[in-house]
Amino acid sequence: MATFSEYIAQNEERDGVRFSWNVWPSSRLEATRMVVPVASLLTPLKERTDLPPIQYEPVLCSRATCRAVLNPLCQVDYRAKLWACNFCYQRNQFPPSYAGISEVNQPAELLPHFSTIEYVVQRGPQMPLVFLYLVDTCMEDEDLQALKESLQMSLSLLPPTALVGLITFGRMVQVHELGCEGISKSYVFRGTKDLNAKQLQEMLGLTKSSGAQGRGPQTPQQPLSNRFLQPVQKIDMNLTDLLSELQRDPWPVTQGKRPLRSLGVAMSIAVGLLECTFSNTGARIMTFIGGPATQGPGMVVGDELKTPIRSWHDIEKDNAKFMKKATKHFEALANRASTNGHIIDIYACALDQTGLLEMKCCPNYTGGYMVMADSFNTSLFKQTFQRVFTKDVQGSFKMAFAATLEVKTSREIKVCGAIGPCVSLSTKGPCVSENEIGTGGTCQWKICGLDPSTTLALYFEVVNQHNAPIPQGGRGAIQFVTQYQHSSGQRRIRVTTTARNWADAQTQIQTIAASFDQEAAAILMARLAVYRAETEEGPDVLRWLDRQLIRLFMFHLRRSPFLQVFNNSPDESSYYRHHFNRQDLTQALIMIQPVLYAYSFNGPPEPVLLDSSSILPDRILLMDTFFQIVIYHGETVAQWRKAGYQDMPEYENFKHLLQAPVDDAQELLHTRFPMPRYIDTEHGGSQARFLLSKVNPSQTHNNMYAWGQESGAPILTDDVSLQVFMDHLKKLAVSSAA
Amino acid sequence: MNVNQHTPMASPYGQPQPGYGQPNYAPLDGGYPASYAPYNGPASAYQPGVPPQGYSFTSFPSKAVAANPASDLSSSLDLGSARGPPTSAPPPVSAPQQYNQYSHSPADMQNGPPPMTQAPPRPAGSQPYGLGGGQPSYPQHYAPPPTMQQVTNQMGGMQLTSGPPTPAGLGYAPPHSSQPPISTSYQSAPQPSFTQAPPPASSAPTQPPPPNAPAASQQYYRGPPPPPQPPFNSALPPTSQQQFLSSAPPPPSQQTFPPSFSSSIPPPSCAPAPPVSQSQQPFSTPQPHFSSAPPPVSQPGFPSGPPPPAQGSFPPQPTPSSSQPGSVPPPGPPPTSVTSGQYPTPIQHQQQPPDSQPSPYHSGPPPPRFQMPPTVNHLPPGPQSPPGPQGPLQQPPSPQTGYPPQQNGAFGQTRSPQAGYPGPYPVQPNYGAPAPAPAPAAPAQKRLDPDAIPSPQAPDMPAVQKSRHRIDPDAIPSPIQVIEDDKAKTNEPFVTGVRGQAPPLVTTSFHVRDQGNASPRFVRCTAYNMPCTADMAKQSQVPLAAVIKPLATLPPDENPPYMVDHGEGGPIRCNRCKAYMCPYMQFIEGGRRFQCSFCNCVTDVPPHYFQHLDHTGKRVDCYDRPELSLGSYEFLATVDYCKNNKLPQPPAFIFLIDVSYNAVKSGMVSIVCHELKSLLDHLPRENPEVDSVVRVGFVTYNKVLHFYNVKASLAQPQMLVVSDVSDMFVPLLDGFLVNVNESRQVIESLLDQIPEMFADTRETETVFGPVIQAGLEALKAADCAGKLFVFHTSLPIAEAPGKLKNREDKKLIGTDKEKSLFQPQVGFYNNLAKECVAQGCCVDLFLFPNQYVDVATLGVVPVSTGGSVYKYTYFQAQTDQERFLNDLRRDLQKHVGFDAVMRVRTSTGIRATDFFGSFYMSNTTDVELAGLDCDKAITVEFKHDDKLSEETGALMQCAVLYTSCSGQRRLRIHNMAVNCCSQLADLYRNCETDTIINYFSKYAFRGVLSNPTKAVRDTLVNQCAQILACYRKNCASPSSAGQLILPECMKLLPVYLNCVLKSDVLLPGADVSLDDRAYLKQLISCMDVADTHVFFYPRLLPVMKLESGSLPVAVRNSEERLSKGGVYLMETGLHLFLWVGASVQQELLLNLFGTPSFSQIDSSMINLPVLDNPFSQRLREIIDSFRAQRSRYMKLVVVKQEDRTELIFRHFLVEDKSASGGASYVDFLCHMHKEIRQLLS
């Protein structure tokens, strides 16, 4: 076991890959019996400081249907200067540049520890990064001011060559022309009318560039900038001024009405603008919204305040009249954007819902961020937004653009699909399974936006027939080829080739069982569950999940906002699911089963059970749910604090005790993206609900007496406790076994 | 002419009596006879002198002449008579003569205005008039005393004659000489005169010898008078004599004329007869006399009228009298004939007439003064002459019976209005009342019949004559004459209190005192005496219409309408018809209730409005309340009168500027932007002390629209581009419409930058529909009314709603499809207009086209929203800038109301059925005007739906609900009451030709939308012919069909109508673009009477000699009137020409242009050089004052004789044949006569 966990850790460290099974059953039949499919979590851009990019291009298998990249698993005939593709067994000639190859002079890609390797494509122009701000102006002045400051700040973080654009919207949509002297210009569109790219192009007067295309080789340079998207260095001041003059949407909002917010059209215009100018170039549409779309395509709620925005209840009752249309609108936009390799981020700051449910596919399909906060004037938003522009040691953004992920498999195994912030490129190939899981039916996916933590779940299917045994010692190989645009503008290709042993389930079931990666499997199944929850009816998913292998995580998963919509708004659900679907394993685990630390005078901080019994009066609890970080002061501690003991020199230890979780929380806050909501509460505090809703209700108002009063706090809930759940589960397991 | 006249004369003569009278009389016929009669009296006196000759000679020749003239038109009386002798000329002459006669009659009519003269003249003028004339004279005599005095007051001249009346003889005497004779003639006086007249006639014949008189051929006509002259001289020793003497010195005839003028004319002549008319009048008068006299009619007439004293004798006399007239005419002709043949002389006469006329005028004026004296003189003469006594006698007795008719006739002729706003009316009623009137009328007609007799002859003659001879333009009714006459007689304020009183002409400047009816500056009617029944109206074909200019600017010395606030309940109105409180409301039951005079419904007076009544039933506070004592006033509207029951916001002005390549290149953009900077300080405001509350917004556009945010808080304006033109919207609200003062800096910065920003534009395509939509949406968003100023250059061919294609196709012109060119190309703009109106969005369009822009379509919205279209074809900054900027300034600053609804309520019996102008109507009663400015007039047509009563007359109340430029909701009320008549003659006496033309032009210009232009022209001609034929048939004495008899107040109808027919819209020349036509068409649609008048009949002033303080007398619009050595200024309301003759004196050129040489005059100059000499200063002053009078700035074009530009200039010489085939005045008159005759037969 130890070896396996080490192996797993090592693999993850090197390749950013974790498989649910690290030894694969050798036939379809056996694989099916395993319940948890062979699947992997892949973090394509896992940070590898020790991985220098190679300044040449990969060598590809010459078979048209394969095109696998030369990798350490390939057999190489150094004398004949040939290599055999380990996927299709095609024998290939090394290209002339490999003439000097020999056993002692191997290219990096043949070295075993370079199972993951990154190439830099030298061809093609260096594409600039494009950032298009899409700013809602229907918000309170305070919020708008904060937002404007954040935006201005962000300008200083952008590389000088990056192109920026600004679209503002309220009742109307304004596309600002940048870099004009004197009078500032903007193109205005009404917020109720959707436009296709061609119309938009004409209306923005961008058709001339197409006319210029006939002129010659310089054509590609032409669209590098236009009136609406200009290099930061050129219009820095101008844009700063423009932003500072940005006014609240001037259209009057009568009492009892919501401001008219044309989000749908605005986003459509943003997508269209990039579509007709920077197709297939990395671009980021950063959408800042202060409320729901209230008019035009994509509207999620009417402008009458008396009609509240849809709730899960409405959705179940089929009472959300705008939802379907809006969803369709945003889906279409997401597809357009992803086709062109553009990212859509959504930063929604409002106390009420903003329609993330309808818009979720925009970030989900394009790899964009979804950030939800109460106000633009919170550190939650400000820090998160700032963190978007985090740079790595080389000074490049930790973000990649317009990536495609291609999966190549050995013959015995095929890929069923992917779950994560990606869209299918609908590329049929020999390694595509007919059985779809998640986004399937293809061996290539587009991931418009990637960061080092972006993680996809890939599901495979063993297709080897039971009667066609795999020779002993055979290994199944999977190659992940990720082409992307680095934030430096370079085109890069990262190739990860992994291989796992085959095992006959009948004879080597122990081995297989030992190779099971519980955490990965939990997350993989959870993703699958969430995916289903998103696409199917809620209760059915739970039932489906219950029928599957259930372990500890499943208890929390069942209670998590990823599957439970109770007590969450549709927007929140979408938000949580979005992050769940893109974060790496560790973070995903935290999301499912929050981490709880206890601080007390009794000893150093210790992790405790996520159970109501852990809530004790003399403890300070620090809970990290990924989205929230809660510091909970027990009853006694809270009283002490209220009494001000921490300010007295003689109780300095108490002060330290109070400070300890805060420091830890700060550390978490600084590394997490998006920044979690930081909650400092105490026993009886209203915010304590965040904690209480997560812990296992081992004590409730129903059974607290039965459990005695020695510890813990009762949770007022009808949910079953883990104990009950487990009891029930055991019963089920036995009966099903029978 | 002469010939014609002669011929007719002859025939009549022949038939009736010797010929003398006939010919001469024929012309004189109707009224004349009567007048003659009186004249006769004088004539008799005169006779002594001239008679014998006249009789023999004149009678025959004159007859011949007369016959001809009569046949032609008539009465070519004057001409006829004058030329009569020449007979040879007859045919042609006749026509002209006829005209002349008509004109004369009209002239008389005009003269008539001054009661005295009118009466005579009218009668003289047209036979019909003759009747009328008779009446006037009667009135003078009869009712005269009181009325007469009034009349006299008004029309001194007339009165004078009237004065004479008392001494019938006297009256006659004067009449004799002038038309008065007619009236007098009717009276006893005539008879005597006739008898005497014969002598004059004879004298006339003799005149030939006297040819000297010829000089005053007209006078000769009066010539008949000449005979009188002698009498006058004798009789009138005093003033008249003097006059005579003075005049006499030259040519005896002249003397006679003058005398006639002085004597008869003094009253009439002075005011009425002025120049041409005078001459004509005299002639006419004589003729009538003759005709009447000669024909049996005169006898019959006399019997009735004359019977008293001299009838018996008169009958004979009549002939003589006729002969006299005849003689007189002969005299006129004779002179000519004698010398170089009658024709020439006539011509001379004609020419002379003018000259003489002036002199007459001069003399005239004095006469008025003298009037009294003259009258005295007359009186003496009267008495002296047998008629005198008879006259008086007759007057009392006969007048009642026979006279009345005559009087009626006379009135008709005279235009009761003129006769006497004061006098006439009272008189008329009397007449009317006296059933006798009608009866008498018949007799009068009978008398006329005799005239008719000549006509038969005439008919034969006329055609030939026409074809053969050119009619003397001086012999036909002259607009200038009429205008000058009216000016001369208007020297007192026009008081509106009297019902049915026609105001002075639009060309006359006068002061108005509102005493219960709206000022003519607000409302002008085609007829101030409406027919009581639909049948009458239909029969006469006279359009019943009013031209209403609700927000007209008043001169500084007249008070604008007072504001009335009835408190929270709003204006007090009739419960049923909702008419607003006005002076016509009758308070009853001690003031507790009032009865609506429109619908007769009784409504309670609200307690807060209660007031006691005085013993006459008037409210005690009647004169404290404008709504009870004035014709025009305003109510403060309450919230109930506002859209959505919300008090309106102040309006907004939005400037939408085309910035396409053409616009930038022509300089328009920079000019507009530069000008707006200063212009924005002059936005309309009601209180000059306070800043305007009007907000402004700016948009530029080519294929897309650029809105500007000019919020005060911004450092720089922001441009918002809307390229989604297919579905226009306003991109911003706050910051788009701003207060000028608050945002001044931003606005100035914007206006500075716009020209720069688009300086390099390559965009040539424009949109138009979306531009208006944008403005509309902006106003909608701001929830206010307002005005859009659109500066546009080209056909909107860019892809957008309202896109147009070039459809100008010259081949369609003249075909049935031509109308389609006037119709909007697409329906889009109609719908847009509707929306604009609903929002109160008025659109003013400034066009700067270089090619076809389809004004017909682009103009739809401006026209439907009460806006204006300005067009500057081939705009060039250098030459057109001034015109454009002045137009813009005026348009921006002028008084304007928004979101207006106009409703015209009328008393039971008539109904407003049709409306013409710039507005939109969503139902049949409410005229909706998004904007209504002080230059916009609306023509309203009325139709009968029941009977009207003569007692109550017809009332109309025009209520305009509008939002003032300060955002106040108001109601402006104009009340108008007119008389009703059961006699057609009354109708014809109270018409206003200028207003009728206004109606006709609008009616016709709208007609081109649905009918071929040819059909429209024909319709116009037809209706006009019917009007005149109806008059001829029912009101004029039944003279020869060959006579053209025009009602006095419509004698200019043909000339004006011809101008309408020749306008570019109805008869385009080859160089007139479709755009120009559409432009004019819409321009006319909202013109008021003054505008249409000068537009159709431009003002042409000789400016060789200028006096400070007064303008030179205009000349007629004909090339013949231009002298090579002269300089003329012409204004058309749209253009201003300075025509410089080729042989102008150097000194003049130096004074004017600062250059001594004709060839060095730069014809491209747009302003006269500023030279420091009185002449230059004065001329520039005049030009400036002209420009100030018109709502559009007139660019000055210097036209050098023989220069290329003269072609354009000639286009406006509307009495001449036009290059596009329009008939000359003379030709058209002939044509019209033919039409009338066809109708009559």
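Two strands count as paired if DSSP finds at least two bridges between them. With that in hand, the small print of this predicted model becomes easier to follow. Strand 4 of chain A and strand 5 (residues 82-84) of chain A are joined by 3 bridges and run antiparallel. Within this part of the chain, A:Gln75 sits opposite A:Ala84 of strand 5.

Zooming out a little, strand 5 belongs to an open sheet of 3 strands in chain A, arranged in the order 4-5-6 with antiparallel pairing. Its edges are strand 4 (75-77) and strand 6 (91-93), each of which pairs on one side only. On average, neighbouring strands here are turned by 25° against each other, ignoring direction.

Further along chain A comes strand 10 (residues 172-177), and this one is mostly covered: 6 of its 6 residues are buried. Neither face is left open, as A:Met172, A:Gln174 and A:His176 are buried on one side, while A:Val173, A:Val175 and A:Glu177 are buried on the other.

Strand 10 also has company on the pairing front. With strand 9 (residues 163-169) of chain A, strand 10 pairs in the antiparallel sense over 3 bridges, and the two make a hairpin with 2 residues between them. Here A:Phe169 has A:Val173 of strand 10 as its bridge partner.

Then there is strand 11 (residues 184-190) of chain A, which pairs with strand 10 over 6 bridges, again in the antiparallel sense. A:Gln174, one of the buried residues of strand 10, stands opposite A:Val188 in strand 11. The hairpin of strands 10 and 11 has 6 residues between the strands, and A:Gly179 takes a positive phi near 75° in this hairpin.

Conventions: Residues are numbered from 1 along each chain as its sequence is written. Chains are lettered from A and ligands numbered from 1 in the order in which they are written. This is a predicted model: local features need pLDDT of at least 70, side-chain atom pairs count only at pLDDT 80 or more; totals for chains, interfaces and linings use all residues. Side-chain values use heavy atoms; hydrogens and water are left out. Helices (H or I, at least four residues) and strands (E, at least two) are DSSP runs, numbered from the N terminus. Axes are lines fitted to C-alpha atoms, for helices over the stretch in contact, and angles run from 0 to 180 degrees between N-to-C directions. Buried means under 20% relative accessible area, exposed over 50%, partly exposed in between (1.4 Å probe, protein chains only).
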